[in-house]
Amino acid sequence: MPPGADPQLWSWFIAVDTDKSGHITAKELEKALINGDWTPFDLDTVKLLMTIFDTDRSGTIGFNEFAGLWKYVQDWQGVFKHFDRDRSGSIDGQELRDALTQFGFNLSPPLLDLVQKKYGELLRAPF
Ligand SMILES: [Ca+2]
Ligand SMILES: [Ca+2]
């Protein structure tokens, strides 16, 4: 375990990192989100999360990156209803944009547009 790491977070990380490679791939994350205690997310959502949180662009999620991802999933579940203003059960483009801004993600306008086009309508209520 890295010095100063949150033990609970670390235990989640090694549980998700099933091949013990020290980093999490999209496949490992997808499995964890579907079979673990986390609420199911579809593969497109998993890939979106990978894109956002793989801050060093290594193609995988390391422990430091996992901390951000974990917090995001918890925040997401907590505030989803708040942003799903029309109670449609999904978050539309504008709602997604507001949510990401609220979480402190400063995505560039072109990336926001891409996220919005590709994934905005696919993000479903996780409960
Ligand atoms: Ca791995
Ligand atoms: Ca990475």
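Tutor: Six donors count as octahedral if opposite donors are over 155 degrees apart and all others between 65 and 115; anything else is irregular. Keep that handy for this predicted model.

Student: Okay, so what makes the arrangement around the calcium ion (ligand 1) irregular?

Tutor: Its six donor atoms subtend angles of 53 to 158 degrees. An angle of 53 degrees fits neither the 65 to 115 window nor the over 155 one, so the arrangement is irregular.

Student: Which protein atoms are the donors of that calcium ion (ligand 1)?

Tutor: Asp-17 (OD), Asp-19 (OD), Ser-21 (OG), His-23 (O) and Glu-28, which appears twice through OE. They lie 2.3 to 2.5 Å from the ion, and the cut-off for Ca is 3.2 Å, so they count as donors. Along the sequence, the spacing of the donor residues reads D-x1-D-x1-S-x1-H-x4-E.

Student: Why is Asp-17 called buried?

Tutor: Its relative accessibility is 2%, and buried means under 20%, so the label fits.

Student: And why is His-23 partly exposed?

Tutor: His-23 has a relative accessible area of 32%. That falls between 20% and 50%, so partly exposed is the right term.

Student: Switching to aromatics, how do you know that the pair of Trp-10 and Phe-13 is stacked?

Tutor: The structure holds five aromatic pairs. In the one formed by Trp-10 and Phe-13, the centres are 5.5 Å apart, within the 6.5 Å limit, and the planes differ by 25 degrees, under the 30 that stacking needs. Both residues sit in helix 1, three residues apart, about one turn. Ring pairs also link them with Phe-63 and Phe-66 into a cluster.

Methods: Residues numbered from 1 in each chain as written. Chains lettered and ligands numbered in written order. Predicted model: local features only at pLDDT ≥ 70, side-chain atom pairs only at ≥ 80, totals over all residues. Heavy atoms only, no water. Phe/Tyr/Trp six-rings, centres within 6.5 Å; stacked < 30°, edge-to-face > 60°. Helix = DSSP H or I, 4+ residues; strand = E, 2+ residues; numbered from the N terminus. Donors = N, O, S within 2.8 Å, 3.2 Å for Na, K, Ca; no water. Tetrahedral: all angles 85-135°; square planar, octahedral: opposite > 155°, others 65-115°. Buried < 20%, exposed > 50% of the residue type's maximum accessible area, 1.4 Å probe, protein only.
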